Amino acid sequence: MAGPDELIHQSLRLRIMAALYAAQEVEPLEFTRLKAIVGATDGNLGSHLTTLETAGYVRIEKDFAGRKPRTRALITPRGATAFRDHTNYLREIIAAALPDIPPD
């Protein structure tokens, strides 16, 4: 059994990665939308996004929507792989604890 990804394992970063993973085929998530989804403050979300960006798991895009500055986040291919590996690790733990339950 592989181990957890310690960067993703932290609960807020796990929620961030899950939201970005789910949105990856649609579009980058705007900072305010991501903040609402994960229930974070501006500073807390910004700090965790910086950690994930430094690891190469997310990319931050800054541009303008009309005249307003806009910050968006998206998961990178490396981040998507790390997220899948981490969720597989969690599934393995569940399967080991509950061997009579069939996998999804």
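Q: Which residues is Ala73 in contact with, leaving aside its neighbours within four places in sequence?
A: In this predicted model, Ala73 is in contact with Leu20, Pro28, Leu29, Leu34, Leu49, Arg59 and Ile60. A contact takes heavy atoms within 4.5 Å.

Q: Why does Ala73 count as buried?
A: Its relative accessibility is 2%. Buried means under 20%. The value falls below the cut-off, so Ala73 counts as buried. Its place is in strand β3.

Q: How far apart are the C-alpha atoms of Ala73 and Ile37?
A: They are separated by 13 Å. Along the chain, the two residues are 36 apart.

Q: Why is Ala2 called partly exposed?
A: Its relative accessible area is 48%. Exposed needs over 50%, and buried needs under 20%. Ala2 meets neither condition, so it is partly exposed.

Q: Where is Ala2, and what does it touch?
A: Ala2 lies in the segment before α1 (6–9). Residues up to four places away in sequence aside, Ala2 touches Tyr89 and Glu92. Lys62 is 60 residues away from Ala2 in sequence, and their C-alpha atoms are 35 Å apart.

Q: What makes β1 and β3 paired strands?
A: Two bridges join β1 (residues 29–30) to β3 (residues 68–75). Pairing takes at least two bridges. The count reaches that cut-off, so the strands pair. They run antiparallel. Glu30 stands opposite Arg72 in β3.

Q: How do you know that β2 pairs with β3?
A: Eight bridges join β2 (residues 58–65) to β3. At least two are required, so β2 and β3 pair. These strands also run antiparallel. In this pairing, Val58 has Ile75 as its bridge partner. Arg59 is bridged to Leu74. Glu61 stands opposite Arg72.

Q: Which residue takes a positive phi in the hairpin of β2 and β3?
A: Gly66 does, with phi near 70 degrees. Two residues lie between the strands of this hairpin.

Q: Why do β1 and β2 stand at the edges of the sheet?
A: The open sheet has three strands, in the order β1-β3-β2, with antiparallel pairing. β1 and β2 each have a single partner strand, so one side of each has no neighbour in the sheet.

Q: Why are α3 and α4 called roughly perpendicular?
A: Their axes cross at roughly 100 degrees and come within 10 Å. Roughly perpendicular covers 65 to 115 degrees. The crossing angle falls in that range, so the helices are roughly perpendicular to each other.

Q: Which residues make the contact of α3 and α4?
A: From α3 come Phe31, Leu34, Lys35 and Val38. From α4 come Asp42, Leu45, Gly46 and Leu49. By class, the residues of this contact are five nonpolar, one polar and two charged. Gly counts as polar, so Gly46 is the polar residue here.

Q: Which members of the largest nonpolar core touch the most other members?
A: They are Ile16, Met17, Leu20, Leu34, Leu45, Leu49 and Tyr57. The core has 23 residues. Elements giving two or more residues are α2 (11–23), α3 (31–38), α4 (42–54), β3 and α5 (77–97). The largest share, six residues, comes from α2. In soluble globular proteins, nonpolar side chains tend to be buried together.

Q: What does Tyr57 touch, not counting residues up to four places away in sequence?
A: Tyr57 touches Asp5, Leu7, Ile8, Met17, Leu52, Leu74, Ile75, Thr76, Arg78, Gly79 and Ala82.

Q: How many helices and strands are there in the protein chain?
A: There are five helices and three strands. From the N terminus, the elements run α-α-β-α-α-β-β-α.

Q: What box do the C-alpha atoms of the protein chain fill?
A: The box is roughly 55 × 25 × 25 Å along the principal axes. The chain has 104 residues, of which 34% count as buried. Among contacts between residues at least 6 apart in sequence, 53% join residues at least 24 apart.

Key:
Residues numbered from 1 in each chain as written. Predicted model: local features only at pLDDT ≥ 70, side-chain atom pairs only at ≥ 80, totals over all residues. Heavy atoms only, no water. Helix = DSSP H or I, 4+ residues; strand = E, 2+ residues; numbered from the N terminus. Core = buried A, V, L, I, M, F, W, Y, C linked by side-chain atoms within 4.5 Å. Buried < 20%, exposed > 50% of the residue type's maximum accessible area, 1.4 Å probe, protein only. Axes fitted to C-alpha atoms, helices over the stretch in contact; angles between N-to-C directions. Parallel < 35°, antiparallel > 145°, perpendicular 65-115°, else oblique.
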